[in-house]
Amino acid sequence: MSEHDEFSIIDQLFKPLAGLSREARGLIDDVAVIAGDSTQDLVINTDALVAGVHFFEHDPLDLVARKLMRVNLSDIIAKGAKPYGYQLMTAWPRGTSYAEKADFVRGLKTEQDRFGLDLFGGDTVSTYGPLVVSMTMFGRVPAGRALSRLGARAGDKVLISGYIGQGYLGLKALQGQLMGLSHADVNEVISAYHLPEIRTDLAPVILEHARSSMDVSDGLLADADHLARANNLMIRLDLNTVPTSLSARAAIASGLSPVDLVTGGDDYQILCTADEAGAKALIMAGFYEIGMCLGVSEDTPAGAELWADDRRLDVVAKGYTHPL
């Protein structure tokens with residue numbers, strides 16, 4: 001990784017600021033966990049979206065608001081927590097109309113009503129740059145039980161909560177780079193890009209049966225690599241078992257590489273590991289088994305590998321990183 005890569009910046013500059021605080025979890029996770037009372041802890045995460053980077057500047061602002069809430073919800077769910085409120089920061093470009101801001105708020109209202117959330121405050125400012133919106137999400141989890149990226153063991157099954165590649169395909173469709181799909185398929189993947197699937201009902205089963213868990217935002221292979229390295233394990237993913245939609249299969253039939261689907265990002269599905277019994281329970285809840293955790297050796301260093309038909313695939317870029 002480059003020293004200007006987002007993960008290098010976190011490791012080199014920000015991790016020292018976290019010190020040994022238990023709440024920060026060494027900045028390994030996407031959340032902080034703060035002790036509450038004797039029955040529950042508070043799980044907190046923050047994610048931002050920037051126009052021109054995470055969404056198109058002409059995207060409807062109600063959809064931007066809804067996506068912002070969903071990408072924050074996915075981190076909370078991955079820790080087995082129940083979300084209950086959020087704070088909001090908006091940096092509006094000079095000249096943004098009241099009607100545009102009202103559209104953004106309308107999207108927030110739709111999502112907070114759907115997921116049972118309330119706004120807890122935040123900040124609103126103006127900027128000479130692009131629109132920047134950031135959300136801090138709060139969740140509750142039984143005391144001492146919040147899941148982490150840590151906890152995976154050799155022999156664990158690797159599972160994913162739903163289709164991979166929908167967000168990537170939606171981005172390509174909006175860029176005019178996705179050919180050979182029907183109008184219905186194009187609309188489906190564009191919708192998935194704007195509104196990633198979020199299942200808050202999975203939090204309890206994740207909490208009960210997973211050993212480690214995180215959401216997938218940078219690409220399945222890249223995030224599996226993060227999880228593997230955090231646990232000093234090798235994760236072997238089987239490309240043939242990664243769940244894909246009919247639209248994705250149509251794109252593959254039209255010439256798209258299936259590898260692009262696992263490296264494209266913007267999925268916000270839940271990636272987790274579990275023992276045999278836990279994996280069975282997770283599969284019953286809708287998860288898909290897609291790989292295995294292995295011990296490390298000279299032949300199997302820590303990280304994630306992609307396999308298909310008993311052959312390891314050479315993948316140069318495992319996912320998306322922000323150049324900083």
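**Strand partners, cysteines and a serine in a loop**

Colleague: Which residue in E9 is the bridge partner of Leu159?
Modeller: Strands (E) are DSSP runs of at least two residues, numbered from the N terminus, while helices (H or I) need at least four. E9 covers residues 270–274 and runs antiparallel to E6, with four bridges joining them. In E9, Leu159 has as its bridge partner Cys272.

Colleague: Happy with that! Before we go on, what pLDDT do local features need?
Modeller: Residues are numbered from 1 along each chain as its sequence is written, and side-chain values use heavy atoms, with hydrogens and water left out. This is a predicted model: totals for chains, interfaces and linings use all residues, side-chain atom pairs count only at pLDDT 80 or more, and local features need pLDDT of at least 70.

Colleague: Which residue in E10 stands opposite Lys157?
Modeller: Two strands pair if DSSP finds at least two bridges between them. E6 and E10 (residues 288–294) have four, in the antiparallel sense. Opposite Lys157 in E10 stands Met292.

Colleague: Are the E6 residues Lys157, Val158, Leu159 and Ile160 buried or exposed?
Modeller: Buried means under 20% relative accessible area and exposed over 50%, with partly exposed in between (1.4 Å probe, protein chains only). Lys157 and Leu159 point one way from E6, and Val158 and Ile160 the other way. On both sides, these residues are buried.

Colleague: Back to that cysteine: why is Cys272 too far from Cys293 for a bond?
Modeller: A disulfide is a pair of cysteine sulfur atoms within 2.5 Å, and the structure holds zero of them. Cys272 is buried, because its relative accessibility is 0%, and Cys293 counts as buried because its value is 1%. The sulfur of Cys293 is the closest cysteine sulfur to that of Cys272, yet no bond is possible because the distance is 10 Å.

Colleague: How many residues lie between E1 and E2 in their hairpin?
Modeller: E1 (residues 32–35) and E2 (residues 40–50) run antiparallel and are joined by four bridges. One of the partnerships links Ala32 to Ile44 in E2. Between the two strands of this hairpin, the number of residues is four.

Colleague: Last one: which residue's backbone nitrogen does the side chain of Ser148 reach at 3.0 Å?
Modeller: Ser148 is in the loop between E5 (132–142) and E6 (157–160). Ser148 still counts as buried, because its relative accessibility is 13%. At 3.0 Å, the Ser148 side chain reaches the backbone nitrogen of Leu150.

Note on methods:
A polar contact is a pair of N or O atoms within 3.5 Å; within protein, one must be able to donate a hydrogen and the other to accept it, and residues adjacent in sequence count only if both atoms are side-chain atoms.
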